[in-house]
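Me: Please take a close look at the loops and end segments of this protein chain, one residue at a time. Begin with the chain as a whole, and explain the reasoning where there is some.

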Amino acid sequence: MAEAYRFKKWHWISVDTLKAANDTRPESFKINQDSIVVGAQVGPKDGWQQRRKIMEPLRRASMCRIKKERDERSAPTLGFFKPFEIKRLVIDPADQVDWTAEERAILLQGGDLFQKAPEQLLEKIPFEFRYDFRCGDVDCNGHSMMCTDWEMMQAYRAWRKEYGDRWEDKFRQRFETEMINKNETHFFVGTLHQYPKNWIIVGLFYPPKPHAGSLL
């Protein structure tokens, strides 16, 4: 995007939106990039405390509850919750190692993602990342959900370049060990447009676990 419209994670922005056509999900909107106004960033001083205050009102009880509500009344199709237990991060080779012709055409055209076609085609990640977890609901049978968090994808690209074949050690330390043992990890989840009953993890929220006497 043009420099004036660029923003970083945890920046407040204001932007004009339009309900996405041919997409019945209530939370799906398109944005007018030319209308983006970048505001202040949440943090860095007491950053996680401020972010918690923003996110806490949006937190749902569990993935099981979110899915139940979606099945009963077709909404919501986005959710935010804290898993009761993250069991592991699963890393599998992707079934498809390159973009399909349709995906490649969308990426090269730019479309809603860019103001103009990108100079370089976005690299497809040759792996799929998945979290196995369970909710605190007594009838939860556990979940295994693909994670498409952008930060996770960029970490793979950077660490594969820096560490070569040893990238997975660094990756698991960050997105498995720390997410389970160090951070109070939450998931942002959403449904797929083409498969509205299928849920994926679209983002991670990972404040440090609070210590005794902490305000976090």
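Reply: The protein chain has five helices and 10 strands, and the model shown is a predicted one. The C-alpha trace spans about 50 × 40 × 40 Å along its principal axes. A compact globule with 216 residues would have a radius of gyration near 17 Å, and the protein chain has 19 Å, so the two agree. Of these 216 residues, 34% count as buried. The accessible surface comes to about 13900 Å², and carbon and sulfur atoms account for 51% of that surface.

Two further values describe the whole chain. If we take the contacts between residues at least 6 apart in sequence, 63% of them join residues at least 24 apart. The chain also carries 35 positive and 32 negative charges, and the mean positions of the two sets are 4 Å apart.

Now to the parts you asked about, starting with the segment before β1. Strand β1 covers residues 11-14, and Tyr5 sits in the segment before this strand. A polar atom of the Tyr5 side chain lies 3.5 Å from the backbone oxygen of Asp34. Tyr5 can also be compared with Val38: the two are 33 residues apart in sequence, while their C-alpha atoms are 6.9 Å apart in space. Trp10 is found in the segment before β1 as well. Trp10 is not a glycine, yet its phi is positive, at about 75 degrees.

The loop between β2 (17-19) and β3 holds Asn22. This residue, too, has a positive phi without being a glycine, here of about 60 degrees. Is Asn22 buried or exposed? Its relative accessible area is 74%, and exposed means over 50%, so Asn22 counts as exposed.

The next loop to look at runs between β3 (29-31) and β4 (37-41), and Ser35 is placed there. Ser35 has a relative accessible area of 15%. Buried means under 20%, and therefore Ser35 is buried. What does Ser35 touch, apart from residues up to four places away in sequence? The answer is Ser14, Val15 and Asp16. A polar atom of the Ser35 side chain also lies 2.6 Å from the backbone oxygen of Asn32.

Further along, Thr77 lies in the loop between α2 (63-73) and β5 (78-81). Thr77 has 5% relative accessibility, so the residue counts as buried. Its side chain makes a polar contact with the side chain of Glu27, at 2.2 Å. With residues up to four places away left out, Thr77 touches Arg25, Pro26 and Glu27, and also Arg70. The same list goes on with Val189, Gly190, Thr191 and Trp199.

Asp98 belongs to the loop between β6 (85-93) and α3 (101-109). Here the relative accessible area is 39%. That value is neither under 20% nor over 50%, which means Asp98 is partly exposed. Outside its neighbours up to four places away, Asp98 touches Arg104 and Lys124. With Arg104 there is also a polar contact, side chain to side chain, at 3.2 Å. Arg160 is 62 residues from Asp98 along the chain, and their C-alpha atoms are separated by 17 Å.

The last residue to consider is Pro207, in the segment after β10 (199-205). How does Pro207 count at 0% relative accessibility, buried or exposed? Pro207 counts as buried, because 0% is under 20%. Leaving aside neighbours within four places in sequence, Pro207 is in contact with Trp48 and Arg52, and with Asn183, Glu184 and His186. Pro207 and Gln49 are 158 residues apart in sequence, with C-alpha atoms 8.4 Å apart in space.

To go back over the residues for which accessibility was given: Ser35 is buried at 15%, Thr77 at 5% and Pro207 at 0%. Asp98 is partly exposed at 39%, and Asn22 is exposed at 74%.

Key:
Residues are numbered from 1 along each chain as its sequence is written. This is a predicted model: local features need pLDDT of at least 70, side-chain atom pairs count only at pLDDT 80 or more; totals for chains, interfaces and linings use all residues. Side-chain values use heavy atoms; hydrogens and water are left out. Helices (H or I, at least four residues) and strands (E, at least two) are DSSP runs, numbered from the N terminus. The radius of gyration is taken over C-alpha atoms; the globule rule is 2.2 Å times the number of residues to the power 0.38. Buried means under 20% relative accessible area, exposed over 50%, partly exposed in between (1.4 Å probe, protein chains only). Contact means heavy atoms within 4.5 Å. Accessible areas come from the Shrake-Rupley method with a 1.4 Å probe; for residues, only the protein chains shown count as cover. Lys and Arg count as positive and Asp and Glu as negative; His and the chain ends are not counted. The place of a charge is taken as NZ of Lys, CZ of Arg, CG of Asp or CD of Glu. A polar contact is a pair of N or O atoms within 3.5 Å; within protein, one must be able to donate a hydrogen and the other to accept it, and residues adjacent in sequence count only if both atoms are side-chain atoms.
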